[in-house]
Structure formats: structure tokens, C-alpha cells
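Biologist: Could you go through this model with me before I use it? I have a few questions, in no special order.

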Amino acid sequence: MQYAIKNNLAITKQKEECLVITVQLGKSQSNLIKEIDEENNGLISQLIKSGDINCQLGKTTFLYTLANSTKQKILVVGCGDAKSFDLNAAKKVIQATIKELASKKINHICWDILTLNSAISGEIAKQLPQIVSELTYCFDEFKSTKSEQPCLQKLTLLYGDKKTVNQVEGQLSQGQIIAQAIASTKNIANMPSNVCNAKYLAEQGKSLGQQYTNLKVTCFGEKELAKFNMNAYLAVGRGSANESIMTVIEYHGAKDKKAQPYVLVGKGLTFDSGGISIKPSAGMDEMKYDMCGAATVFGVMQAVAELKLPINVIGVMAGCENMPDGNAYRPGDILTTMSGITVEVINTDAEGRLVLCDTLTYVERFNPKTVIDIATLTGACIVALGHHYTGVMGNNPQLVEQLVTSSNKAGDKAWSLPIDSDFQDQIKSTCADIVNAGGRDGGTITAACFLSRFTEKYQWAHLDIAGTAWRSGANKGATGRPVAMLIQYLLDQNK
């Protein structure tokens, strides 16, 4: 996919057939829209009827043609006025429009957005590569017949005000890097578990380190994990024939290489059978996605290396597989974690927090500025927030607020949930310090309460991505969330 920026006057000289789209901020012109909709065989109505645009013709969102010739089609897309500009709403409009145009075999789209104010122009320019990547992404590595290549090959941004060009060029470049990072995350997350195990994650990490010289990658197998006394982590993987491996990716972009780093910890359960507390067979194929947290860390670290951010960042992929066999850990077992806290195992399907608790203790050695863990941790988060919002919890309100703000800026929605002492009683044990499962009530929050016991020495936030990391059904596949949100959070640390 090619991206370019040109002066909007140059488009009149192009001979190739393309579509010019302008994001228009201002009042709608309903009569004109209806007239031009009729002139163009109801193209505008078709877009609205597709179901992807929630609006009324000539009102909230509007589309109209400025000109039409045999060589050139020009379309205008409106997203309301500047005061009510909503990035998520604009994303839906843009996505639906590009989807419709691609179906009509348009191979070159010109988007005239740079006559708007620079802030909104930049936001849209940053989103375009991500939207195009989402619409054109296809995971067909294991198909004997490869998917047809998308007809859309080029997207050109048109400018009228040179003052905004530099900013928009920077945002467009960031958008492309984020789109590539999301695609990399999806590629790893979509891999089947007979290919993607902890060793595979480690190999991908090493490959990333070879590709980017500003990354240092270290892998720790079970012998090293045992030396660290990461007994909870190791217990989860005991029933698997595949070795548990923790992969640490370090990036030191700050002038002070010893400056406190931002640490990302990703749950990497490459398959979760539930262990002895085995899951129902229906939908168990989707448990290959239980490593989406680790895949997210991979994508973010790729983007960090590409962006050359002037901060220090460390990403940890906690690779493991939860399987039942004669050596598997059992309900009723008591584990001594790396921190010394003892855990009574109530349910072996509450394994992610056991892998994470030792990893969160391990990262204390980096003297982190903040630690964010990313995990497909609880089905309860889907009950609470559906598949729309990532759940955010933590021990520092300011960090939680920063992440939610970054999610809104990135168009990658998140919502904060409470985590306080009222929930801590649910993880008390009669024979150990805590239990690994607090029951159905407030399951997402009690899981975060469990993790909070291991994060008291630094500022920490927990992202539960169980509802947002992948889609089920006919369009089953990884979404690449919350890569965009985390990259935005790290970009915001530069300001």
C-alpha cells in the first residue's frame, strides 16, 4: 500500500480514475445531498444502508459529490462540526466509505483533509493507514489458495495549507508504523497453537532483535525461571510438553540509558485448555488467542524500535501452555510465588494470573517508572464491557486516567473499573495467603486484586483484553488491540 501527500490542485491534472474524498466539518446541505445522491445512482444511500454508518441522509453524517467525469469521481464525506468531532465516529465513517469504494474496484483514493484544522487533520491522517490495514488484512498462511490481493493500492492526502503538512506527514508516518505493528500482532496471535508455543514467541522476539539493532532480546527457559523461584509461572506449564519461556525485549532510547523504563508485561498462554479444571469443548479452539497479551507486547516493541522513541521501554512476553497430564498442577495445590506470597489453587483455569504474578515480581529489578500488564484474563470482563472496551484497573489513578485518555486519542476504546479493598476479601484463603480465583462476582476486579498484591513497589495498571483481543464466529481472528492505545500512551510520555 502506497501513501503520498500532494497539493490539492495537482489532482485536477491526474488522468487515472480515482476518488477524491473530503472530510467536511460544518452544517449539512440536505437538499444538495439528496439531489447528488440521485445523480450518482444512490451511492450515498448505499453507504448508509450498508449498516456501517449510523446516521440520517443529510444530517449527522453526509456525503455529496462535487464533480463527476469519465476520468474522475469526487466525493465529500462530512463528520459533523469541529466542536462535536468524534474520532471513533469518524473512524466508522471512513472505514465504511473505504470498504464500499474497495468493493467498487477503486484502486486509488485521494483524501482532501488538510484544509481542516491541523489537529483534526493529523488525527485522521494517523487513522487512515490503520483503517486501510484493517480492511485489507488477511491471514492466509495455511490456506492452499491464497486470498485475492485488494484492489486498493494507493492513498493520497491532498493539502491546501502548507503550514499543516509537516504535522500531518508525521502523523501519517506514525499511523503507518502503528498499522504495521497491529498487523504483526495479529499475525502472531492468529497462529495455531501447534506452531505458536513459547519457543515460537521466543524465536519471534529474537528475530525482532536481529531486525532492529536498538533492541536487546533475552530468553529465559525453565531452568532460569526455576533459579528465579518463579514457581507459580512454572506450575502452569508443568502439564505441557512445550517448555515455558519468558522473552524480555529491552529498548533504551533515552539519553540516560539508566532512566526508569516503561515496562509492558504480556500474558502469553499459547493454548489454555484450563488444565485439570478443563474447559468445555465448545469454543476451545479460540484459546489459541490466550497469548494476545504477549503478541501485543511484540507489536508495541516493534513500533517503539521503528519510532525511535526517546524513552526506555521493556517488553516481556510470558510464554507458557496450560495442559492437563500426570504432571499438571491441581486444584488444592499451594504454590510459593517468586515474591514469597503463597497461593492456594482453587481453579487451574485461573492460570494467567499465576504466570503474571511471578513476571510482575521479576520486573521489579528494572526499577520501572510504570508497569502495564496486558492479558486476556477474565470472561467476566466480556460480561462487564462486552467486546467494545478494554478494562483498565490499577494502583495509580493517574496512570489509569492516562491510559483511558490515550485510548480515546487512539480510537482504541478502554474503560476504567474500580479496584479497592472491598474486593480483596474475595481472594482470602484459609490455608495460604490468597486463592487464585475469587468467584463469579466481580471476577475481572478480583483478578486485578490478585495481581495488585505483586505490584506494590511500583505504579501499575492492568489491561483486561478478553473482550477486545479477538473476534469469534465467521470473522474469527485477532484484532490487534490494544496496540494502538499503548503506542499512544508511550508517545504521550514524550510531551
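Biologist: Is α14 buried or exposed, taken as a whole?
Modeller: This is a predicted model, and in it 10 of the 10 residues of α14 are buried, so the helix is largely enclosed by the rest of the structure. The buried residues of α14 include G443, I445, F450 and L451, and also T444, T446 and S452.

Biologist: Which elements supply at least two residues each to the lining of the second largest pocket?
Modeller: α14 is one of them, and β9 (262–272), α10 (352–362) and α11 (380–385) each supply at least two residues as well. The element that gives the most is α11, with three residues.

Biologist: How much space lies in that pocket, and what is nearest its centre?
Modeller: The second largest pocket holds about 700 Å³ of space. Its lining is made of 33 residues, and those nearest the centre are D349, L377, T378, G379 and A380. By class, the lining has 12 nonpolar and 12 polar residues, together with nine charged ones.

Biologist: Switching to enclosed space, how many cavities of 30 Å³ or more does the structure hold?
Modeller: It holds one cavity of 30 Å³ or more, and the volume of this largest cavity is about 40 Å³. The residues that line the largest cavity are K126, Q127, Q130, I178, K409, A410, A484 and Q488. Two or more of these lining residues come from each of α4 (118–136), α12 (397–410) and α15 (483–492), with the largest share, three residues, coming from α4.

Biologist: And what classes do the lining residues of the largest cavity fall into?
Modeller: Three are nonpolar, three are polar and two are charged.

Biologist: Let's take Q130 from that list. Where is Q130 found, and why is it classed as buried?
Modeller: Q130 is found in helix α4, and it counts as buried because its relative accessible area is 11%, against a cut-off of under 20%. Leaving aside neighbours within four places in sequence, Q130 is in contact with G175, I178, A179, I182 and A484. Of these contacts, I178 and A484 also line the largest cavity.

Biologist: Different topic: what is the strand order in the open sheet of three strands?
Modeller: The order is β11-β12-β16, and the pairing is mixed. β11 (334–336) and β16 (434–435) are the edge strands, each pairing on one side only. β12 (residues 342–344) pairs with β16 in the parallel sense over two bridges, and the bridge partner of V343 in β16 is I434.

Biologist: What lies in the loop between β11 and β12?
Modeller: M338 lies in that loop, and its C-alpha atom is separated by 5.0 Å from that of N229, although the two residues are 109 residues apart along the chain. Beyond its neighbours within four places in sequence, M338 is in contact with F228, N229 and M230, and also with D358, T361, Y362 and R365.

Biologist: Last one: where is pLDDT under 50?
Modeller: For the chain, the mean pLDDT is 86, and 82% of the residues reach 70 or more. Over residues 10–17, however, the pLDDT is below 50, and this stretch has 15 contacts in the model beyond near neighbours in sequence. Residues 51–74 also stay under 50, and the model has 75 contacts for them beyond four places in sequence. Where pLDDT is low, the predicted coordinates should not be read in detail.

Methods:
Residues numbered from 1 in each chain as written. Predicted model: local features only at pLDDT ≥ 70, side-chain atom pairs only at ≥ 80, totals over all residues. Heavy atoms only, no water. Pairing = 2+ DSSP bridges. Helix = DSSP H or I, 4+ residues; strand = E, 2+ residues; numbered from the N terminus. 1 Å grid on protein atoms, 1.4 Å probe; cavity = no way out; pocket = protein on both sides within 12 Å on 5 of 7 lines; lining within 4 Å. Points joined across faces, edges and corners; volume = space filled by probe spheres on them. Nonpolar A, V, L, I, M, F, W, Y, C, P; charged D, E, K, R; others polar. Buried < 20%, exposed > 50% of the residue type's maximum accessible area, 1.4 Å probe, protein only. Contact = heavy atoms within 4.5 Å. pLDDT = per-residue confidence, 0-100.
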